[in-house]
Amino acid sequence: MKTAFLGLGGMGHGMAANLAKAGLLTGVYNRTRSKADDFAAEHGVTACENPVDACENAQAIVICVSADADVLEMIDAITAGLNDSHTVIDCSTVASDTAREAAQRVGRAGAHFVDAPVSGGTEGAKNAKLSIMVGADDAVFEAVQPVLSAMGSSITHMGPVGAGQATKAVNQIMVAGINQAVCEAMRFAKAVDLPLDKVVDVVGSGAAGNWFVNHRGKTMVADNYAPGFKLKHHHKDLGICAHMAEQNGGRLPLAAATRADYEQLMADGYGDEDISALYRRRSDLFD
Ligand code: NAP
């Protein structure tokens, strides 16, 4: 299945590289042209001036951009070139409503749509180890298997369009709580004067072990917050989660507290740092 890729950011770069390795990638587009040129030179594919050109010879079109408005902008930019031979696969994290709106817009051109948000960080993107949560019709899900399996190691069909994004919202709520727990615990470890790298190693391989402490624990305690996962993106995701909770008559206190922490970090100029920069805020817990 010949595939085009739109959006070569922290995630998209690794995902597109794995599609190239699998021999599926035809063209790439990135808003900042230099990133597409560098990628094309490295992987022997075509860097395109605009998204429509990138889709020209492709049957699948993967999108991985920042937020809801950006996804719809990309969709509107390509719909003129779409027909029933095309499937658009959106791997960005957006609202389920946005996924359904995107499906309608590509559907008007006769094309198919899959929401396929991912988890596993930039490391997972690079190593084709992403966990992919998919919303799609059964037949469309089957058809895009070669594309998804080139990028991920766990691919789960969650239901119709929108179900992938709803599952990703669950993931993001959980990440908020894990981030809070790890940052608070590591500030405590520092306060009681433990060797912090050893703490990460020992708790990371016990019952409290998790992806976040194992991949971000040591960099966090060294005050290195290079992304990774930009906290402004997690802030955006937690807004989606809050809205969905509200629509269902509920609330998410832990996610709301984390969102408020991110808001402060963004106001302080740290929005492009990794979500582990929450550790900065938790310096408020000990003298
Ligand atoms: P990123 O490094 O900030 O990259 C964002 C990409 O989107 C860039 O290629 C950017 O182009 C492009 N873009 C943004 N707005 C655009 C627009 N209006 N039109 C065209 N292109 C646009 O973000 P990322 O970390 O790759 O994340 C991408 C998506 O995956 C987000 O939805 C995020 O929530 C999700 N995600 C991230 C992670 C992670 O660990 N990083 C994990 C799972 C899911 P420019 O290069 O021109 O800026």
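Guide: Two strands pair if DSSP finds at least two bridges between them; strands (E, at least two residues) and helices (H or I, at least four) are DSSP runs, numbered from the N terminus. The model here is predicted, with local features needing pLDDT of at least 70, side-chain atom pairs counting only at pLDDT 80 or more, and totals for chains, interfaces and linings using all residues. Residues are numbered from 1 along each chain as its sequence is written, and side-chain values use heavy atoms, leaving out hydrogens and water.

Visitor: How do you know that S5 and S6 pair?

Guide: 4 bridges join strand S5 to strand S6 (residues 112-115), and the requirement is at least two, so they pair. The two strands run parallel, and Thr 87 stands opposite His 112 in S6.

Visitor: What makes S4 and S5 a pair?

Guide: Strand S4 (residues 60-63) pairs with S5 in the parallel sense over 4 bridges. Ile 63 has Asp 90 in S5 as its bridge partner.

Visitor: Which helices link these strands into β-α-β units?

Guide: Helix H4 (residues 68-78) does this with S4 and S5, and helix H5 (residues 96-108) with S5 and S6. Both units are right-handed: with the strands pointing away from the viewer, the path from the first strand over the helix to the second runs clockwise.

Visitor: Which way do the residues of S5 point?

Guide: Thr 87 and Ile 89 point one way from S5 (residues 87-90), Val 88 and Asp 90 the other way. All of them are buried (under 20% relative accessible area; exposed is over 50%, partly exposed in between; 1.4 Å probe, protein chains only).

Visitor: Why is Ala 128 called buried or exposed?

Guide: Its relative accessible area is 19%, so Ala 128 is buried. Ala 128 is in the loop between helix H6 (121-126) and strand S8 (130-135), and its phi is near 55 degrees, a positive value in a residue other than glycine.

Visitor: Why does Asp 223 count as exposed?

Guide: Asp 223 has 52% relative accessibility, so it counts as exposed. Asp 223 lies in the loop between H11 and H12 and has a positive phi of about 55 degrees, although it is not a glycine.

Visitor: What makes the peptide bond from Pro 227 to Gly 228 notable?

Guide: That bond is cis, with omega near 10 degrees. Most peptide bonds are trans. Gly 228 is in the loop between helix H11 (211-221) and H12.
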